[in-house]
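Here is a short briefing on one protein model, written for a reader who is meeting such structures for the first time. Please keep the sequence and the structure in view while reading.

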Amino acid sequence: MEPQSHFDETRTDMNSWGRHRSVEPVLMDTAQVAAMLNMSTSWVYREASKLGVKGYKLGRGRNAKVLYKRSEIFKWLEQQKIH
């Protein structure tokens with residue numbers, strides 16, 4: 001069984017009426033953000049606070065995982081449009 005990707009795929013949940021609905025992930029890790037923006041992970045770590053994007057650190061030390069709100073990434077990206 002392959003691990004599920006929370007970036008490229010959505011999962012389907014059943015709501016209370018038995019209909020399927022698609023659930024988008026709320027958080028993205030640094031590698032997912034970097035891939036989406038076509039930038040390096042080091043760029044994301046370095047620039048995130050300058051962009052107004054706050055990370056959520058899970059764990060401690062070097063192996064702590066930093067996650068970002070998907071909505072904040074898309075909001076920032078929308079602001080970068082050339083008018």
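At the N-terminal end of α1, D29 acts as a cap, with one of its side-chain oxygens lying 3.2 Å from the backbone nitrogen of A31. The model is a predicted one, and the points below start from this helix and then move on to the whole protein, its nonpolar core and its cavity.

**The helix α1 and its surroundings**

- The helix α1 covers residues 30–37, and its buried residues are T30, Q32, V33, A34 and L37.
- The cover over these buried residues of α1 is provided by elements that include β3 (27–29), α2, β5 and α3.
- A34, one of the buried residues of α1, touches M39, S40, T41 and V44, when residues up to four places away in sequence are not counted.
- An α-helix has 3.6 residues a turn, so residues three or four places apart point the same way.
- After α1 comes N38, a residue whose phi is positive, with a value near 60°.

**The protein as a whole**

- The secondary structure consists of 3 helices and 5 strands, and, read from the N terminus on, these elements follow the order β-β-β-α-α-β-β-α.
- The protein has 83 residues, of which 24% count as buried, while its accessible surface comes to about 6900 Å², with 52% of that surface belonging to carbon and sulfur atoms.
- Among the contacts in the protein with a separation of 6 or more, 40% are accounted for by residues that stand 24 or more positions apart.

**The largest nonpolar core**

- Twelve residues, given here by name, make up the largest nonpolar core: M28, V33, A34, L37, W43, V44, A48, V53, V66, Y68, I73 and W76.
- At least two residues of this core are supplied by each of α1 (30–37), α2 (41–51), β5 (65–69) and α3 (70–79).

**The cavity**

- How many cavities of 30 Å³ or more does a search of the whole structure find? The search finds 1 such cavity, and the volume of the largest cavity is about 50 Å³.
- The lining of the largest cavity is formed by V33, L37, V44, A48, L51, V53, Y68, I73 and W76, and the elements that give two or more residues to this lining are α1, α2 and α3.
- The largest share of the lining, 3 residues, comes from α2.
- V33 and L37, which are buried residues of α1, belong to the largest nonpolar core and also help to line the largest cavity.

Note on methods:
Residues numbered from 1 in each chain as written. Predicted model: local features only at pLDDT ≥ 70, side-chain atom pairs only at ≥ 80, totals over all residues. Heavy atoms only, no water. Core = buried A, V, L, I, M, F, W, Y, C linked by side-chain atoms within 4.5 Å. Buried < 20%, exposed > 50% of the residue type's maximum accessible area, 1.4 Å probe, protein only. Helix = DSSP H or I, 4+ residues; strand = E, 2+ residues; numbered from the N terminus. Contact = heavy atoms within 4.5 Å. Areas by Shrake-Rupley, 256 points an atom, 1.4 Å probe, with all protein chains shown as cover. Polar contact = N/O pair within 3.5 Å; in protein donor to acceptor, adjacent residues only side chain to side chain. 1 Å grid on protein atoms, 1.4 Å probe; cavity = no way out; pocket = protein on both sides within 12 Å on 5 of 7 lines; lining within 4 Å. Points joined across faces, edges and corners; volume = space filled by probe spheres on them.
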